[in-house]
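Colleague: I've got the structure open and a coffee in hand. Can you walk me through how the helices pack and where a few residues sit?

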Amino acid sequence: MNRIIPLILAVALFMENMDSTVIATSLPAIAVDIHTSPIALKLALTAYLVSLAIFIPISGWMADRFGAKNVFRAAIGVFIVGSVCCAISNSLPAFVVSRFLQGIGGAMMTPVGRLVLVRATPKSELVAAMSWLTVPALVGPLVGPPIGGFITTYFTWHWIFLINVPIGLIGIWLATRFLPQTDSMETPPLDFVGFVLSGLAASGVVFGLSVVSLPYLPPAIGFITVAVGLLSGVLYLLHARRAKSPLLALELFRNQVFRSSVLGGSLFRIGIGAVPFLLPLMFQIGFGLTPFQSGMITFVSAIGAIGMKFVTALIFRLAGFRRVLIWGSLIAAASIAIYGLFTPETPYALMLAILLVGGFIRSMFFTGVNALSYAEVSAEDTSKATPITAVFQQLSIALGVALAGGILEVSTSIHGGPLMLSDFHIAFFIVAAVSSAASISFMRLAPDAGNAVSGHGRLTTPKTLEPLGTAGK
């Protein structure tokens, strides 16, 4: 396997992961400086995810039309510009708009990078390739919290976004120098109606759920926006049935393996989207720690994630996708629930050990889900599968942030006081329960699902790859 390509593409994931963890760690300090509350500021986190949900659907079409290499480099450039705008923001609206601009770049970086990797990698090596793609990217969460906490505590939060400038420039140079040139392809006209409807559906639901739990805007706006989003989703489903080349190829969901990987992974990511929002806030508001101290604790989960990447392929080869994903989702959800038992009296060594194991299990789960999404998708359909998986991933993370903020808001309104440690405990228990529901989706998989990718049972029961839409039924 050519490891140069996934390592270069991982620059985009590095920036995105470090950026999100830096912001989560620095959220209280940013809120104070721009005169808002940490709960209201989660609108900025949601704006980024909403932007991803809107523009990811056209990433496959853009890569085919203009060349994946060109789109990848341009996306990094947009992300850099958005980062600079975040650094100079001095109000909540400005910060939200800047994060939305960053999301436009992120919407093209990661999906297009994953598309390049899938097309260049044999399916039998896909689990290992996904691991190599993610290892450097996980350095972002590793260095993001301590660096973000250190800068926020001893300097000013504005500088945390400027880190993306040199990283992004290096990524553009590496992509220009080493990635193979990809020619544009014959593509059908852009499904503009589908683009508008899918964008309204995703942004309406995520933004609406966030607004409902925000003190920044009237709840009625949130309910109206959610209704518009749901209506747009229904209209898109009707449109996709009639369109000759719909933007999102929903017929891929006829495949049981693809459907389980997308829906099961989305349920689990709701909890994962909530954790980076809840954990730093709990350490800083509930425990009274500084952003730097909080970051030095939370970064340990990234160490566990990196460690797992070197044994993930072996685990899936020995146990298979179905068994690993069922138990992995349950154990990982349990690790989230344990966070709800943390108190200032909990030994730091014990918290670090639990965070380490949690990162270890979640890393294995995500590598498996990402690889399983392409296990029984034909090569010509990879550009259709990539935006769908990416949209559901980002949408579920956004829902996780909205759910976490909503739980905290409801909890504080019940006891009529400021945020308390018990509010965070309740939130962790609820999001863990939602994440554990992912196991139900994987229970529906056949025992040999994805064996062509994992290699499980290859020596005893070789199995040829079945056509799309027939396997896993």
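Modeller: Let's start with α16 and helix α19 (residues 421-436), whose axes come within 7 Å and cross at roughly 175°. Bear in mind that this is a predicted model, where local features need pLDDT of at least 70, side-chain atom pairs count only at pLDDT 80 or more, and totals for chains, interfaces and linings use all residues. Residues are numbered from 1 along each chain as its sequence is written, and side-chain values use heavy atoms, with hydrogens and water left out.

Colleague: So are α16 and α19 roughly parallel or antiparallel?

Modeller: Axes here are lines fitted to C-alpha atoms, for helices over the stretch in contact, and angles run from 0 to 180 degrees between N-to-C directions. Under 35 degrees counts as roughly parallel, over 145 as roughly antiparallel, 65 to 115 as roughly perpendicular, and the rest as oblique. The crossing is roughly 175°, so the pair is roughly antiparallel.

Colleague: Which residues of α19 do the α16 residues meet?

Modeller: Contact means heavy atoms within 4.5 Å, and helices are DSSP runs (H or I, at least four residues) numbered from the N terminus. From α16, the residues are Leu330, Ala333, Ile336, Ala337 and Tyr339. In α19 they meet His425, Phe428, Phe429, Val431, Ala432, Ser435 and Ser436.

Colleague: Leu341 is in the loop between α16 and α17 (348-372); is Leu341 buried or exposed?

Modeller: Buried means under 20% relative accessible area, exposed over 50%, and partly exposed in between (1.4 Å probe, protein chains only). Leaving aside neighbours within four places in sequence, Leu341 is in contact with Thr346, His425 and Phe429. Its relative accessibility is 56%, so Leu341 counts as exposed.

Colleague: How do α15 and α16 lie relative to each other?

Modeller: Helix α15 (residues 312-319) packs on helix α16 (residues 321-339) with the axes 7 Å apart. Ile315, Phe316 and Ala319 in α15 meet Phe321, Arg323, Val324 and Leu325 in α16. The angle is about 115°, which makes them roughly perpendicular.

Colleague: How far apart are the axes of α4 and α9?

Modeller: Helix α4 (residues 68-87) and helix α9 (residues 164-178) pack at about 170°, so they're roughly antiparallel. Among the α4 residues that make this contact are Phe72, Ile76 and Ile80, and the α9 side includes Leu169 and Ile172. The separation of the axes is 9 Å.

Colleague: Ala87 is in α4 too; which residues does Ala87 touch?

Modeller: With a relative accessible area of 8%, Ala87 is buried. Not counting residues up to four places away in sequence, its contacts are His158, Phe161 and Leu162.

Colleague: And Arg269 in helix α12 (residues 256-286): is Arg269 buried or exposed?

Modeller: Leaving aside neighbours within four places in sequence, Arg269 is in contact with Phe366, Val369, Asn370, Gln393, Ser396 and Ile397. At 7% relative accessibility, Arg269 counts as buried.

Colleague: What is the relative accessible area of Ser294?

Modeller: You'll find Ser294 in helix α13 (residues 291-298). Beyond residues up to four places away in sequence, Ser294 touches Pro280, Phe283, Gln284 and Leu289. Ser294 is buried, and the value is 0%.

Colleague: Last one: where is Tyr154?

Modeller: Tyr154 is exposed, with a relative accessible area of 53%. Its place is helix α7 (residues 139-154).

Conventions. Helices (H or I, at least four residues) and strands (E, at least two) are DSSP runs, numbered from the N terminus.
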